Amino acid sequence: MALLARRARRAVTRAAPLGGGGGVELAIPAHFRCPISLDLMRDPVTAPTGITYDRESIEAWLDTGRATCPVTHAPLRHEDLVPNHAIRRVIQDWCVANRSRGVERIPTPKIPVTPVQVSELLFDLAGAARRRDATARCAEVVAKIKALARDSERNRRCFASIGTGRALAAAFETLADADAAPAGRVLEDILAALVCVMPLDEEAAGTLGSPSSLGSLVAIAENGSLAGRMNAVLAIKEIVSCDGAFVDLSGKVDEIVDALVKIIKAPICPQATKAAMVATYHLARSDERVAARLATAGLVPVLIEALVEADKSMSEKALAVVDAVLASEEGRASARAHALTMPVLVKKMFRVSDLATELAVSSMWRLGKAPCAGEEDEAVMRCLVDALRVGAFQKLLLLLQVGCRDATKEKATELLKMLNKHKGVGECVDAGDFRGLNKLSA
């Protein structure tokens, strides 16, 4: 209520120029404005309290978990909102009357999909998928689901609540065994629709993780269209990151790893790259043998070089994968052999986020540990000296001063002890810039 009052006090009596009316200002009638956004309502809906809002604004309000009317504080649900056709027509008439002053007529909103319509589409999909010769009908139904789900957030929520993810995953599994080219195209269409209703629940993720489905996902991720490859990677990410879903990946791990590493090495879009990194992180954390397999696939050098100019989101994901892969001896050996490893890890401390700092410290700690107790080989010593030369000692001391989580504090303290043994060997240089990293990685 206070938020709405502050917005109302800030609202101006006259609106900014609407459309291209030569800069002439036009007053928007107060009852045409949404109480939340204070903008002209384009899809007015009325709550049981009698207050009318713009659909986009009130649904965004409810999506934040506030199940009350913003004005009256009475209980309010999505299902309680009723389209106000009368005020919408009046607003449209007002827009038409002021067209000469640059006001554009608001379009008539599309009718939201209903649970009954969704259920009918899913019934048709299941029937078409069982009749494997009816791929054209299956593609038609999937296209309708995808178009309606993309139409609005309300439609997307309706599809998700009815169990569309489970139905699409079941259809994908049924068609995955078909070898015909039309079935392959339909599988990509189903993946595109699945992405619209993500995140998937445990049942949908488990169904999509069946051996036949995984085989088709890997094939699309490697050889499908660009959109198909991205959607396949997003689906794989959902499967491997769903905690409650029981999925046996043992027979497909190598193929999945190769497909994910291929996406990271030769990016097709940032969304696919980030999804592949999340998937590889979960795979590496699940089994040290998978971490070793990722290392032998050449992933560590690719991630280290990608970190040089990565943004916050990409840096955090890449550092998480690096730390997970370094749990294996193969991963540590690969990282120690790369000249940029320690400089990049030290650079990311304090410059990205608290999470990135913790991951960088964990990775350095793994690299600084001797393979055997009491022993330290040449590769480990070289890593520690490299870290000293780019200012790791000073940054770790600063980290302990500003505070961090207990697990990170223990690793930082142990890492300082490792570095202290070589302080006479490695001279510290200014680690605040690292302009030369780009040249080194070229």
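**Briefing: helices, loops and a surface patch in a predicted model**

The side chains of Ser315 and Lys348 are joined by a polar contact of 3.4 Å; a polar contact is a pair of N or O atoms within 3.5 Å, where within protein one must be able to donate a hydrogen and the other to accept it, and residues adjacent in sequence count only if both atoms are side-chain atoms. This is a predicted model, in which local features need pLDDT of at least 70 and side-chain atom pairs count only at pLDDT 80 or more, while totals for chains, interfaces and linings use all residues. Residues are numbered from 1 along each chain as its sequence is written, and side-chain values use heavy atoms, with hydrogens and water left out.

**Helix 16 and Ser315**

- Ser315 lies in helix 16; helices (H or I, at least four residues) and strands (E, at least two) are DSSP runs, numbered from the N terminus.
- Ser315 counts as buried because its relative accessibility is 0%; buried means under 20% relative accessible area, exposed over 50%, and partly exposed in between (1.4 Å probe, protein chains only).
- Leaving aside residues up to four places away in sequence, Ser315 touches Leu307, Ala310, Lys348 and Val352, where contact means heavy atoms within 4.5 Å.
- Eleven of the 14 residues of helix 16 are buried, so this helix is largely enclosed by the rest of the structure.
- Among the buried residues of helix 16 are Met314, Glu316, Leu319, Val322 and Asp323.
- The buried residues of helix 16 pack against helix 13 (270-286), helix 14 (288-296), helix 15 (299-307), helix 17 (329-336), helix 18 (341-348) and helix 19 (354-368).
- Helix 16 covers residues 312-325, and its end C-alpha atoms are 20 Å apart, which agrees with the 20 Å expected at 1.5 Å a residue; the expected span is 1.5 Å times one less than the number of residues.

**Helix 4**

- For the 16 residues of helix 4 (residues 115-130), the expected span is 22 Å, and the 23 Å between the end C-alpha atoms agrees with it.
- Val118, Leu121, Leu122, Leu125, Gly127, Ala128 and Ala129 are buried in helix 4.
- The cover over these buried residues includes helix 5 (135-151), helix 6 (153-162) and helix 7 (164-176).

**Backbone exceptions in loops**

- Most residues other than glycine have a negative phi, and most peptide bonds are trans.
- His73 is not a glycine, yet its phi is positive, about 65°.
- The loop between helix 2 (55-63) and strand 3 (82-83) holds His73, which is partly exposed at 45% relative accessibility.
- Phe350 also has a positive phi, near 70°, and is a residue other than glycine.
- Phe350 sits in the loop between helix 18 and helix 19.
- Between Met198 and Pro199 the peptide bond is cis, with omega near 10°.
- Pro199 belongs to the loop between helix 8 (181-196) and helix 9 (202-208).

**Gly209**

- Gly209 is in the loop between helix 9 and helix 10 (211-223) and counts as buried at 5% relative accessibility.
- Gly209 and Leu249 are 40 residues apart along the chain, and their C-alpha atoms are separated by 7.7 Å.
- Contacts of Gly209, not counting residues up to four places away in sequence, are with Leu214, Ile239 and Val247.

**Surface patch**

- Phe350, Leu398 and Val402 form a nonpolar patch on the surface, with about 260 Å² of accessible area together.
- Patches are made of residues with over 30% relative accessible area and no salt bridge (a side-chain nitrogen of Lys or Arg within 4 Å of a carboxyl oxygen of Asp or Glu); like charges are joined within 9 Å, and nonpolar side chains (Val, Leu, Ile, Met, Phe, Trp, Tyr) within 5 Å.
- Accessible areas come from the Shrake-Rupley method with a 1.4 Å probe, and for residues only the protein chains shown count as cover.
- Leu398 lies in helix 21 (residues 392-402) and is partly exposed, with a relative accessible area of 38%.
- Phe350 is partly exposed as well, with a relative accessible area of 36%.
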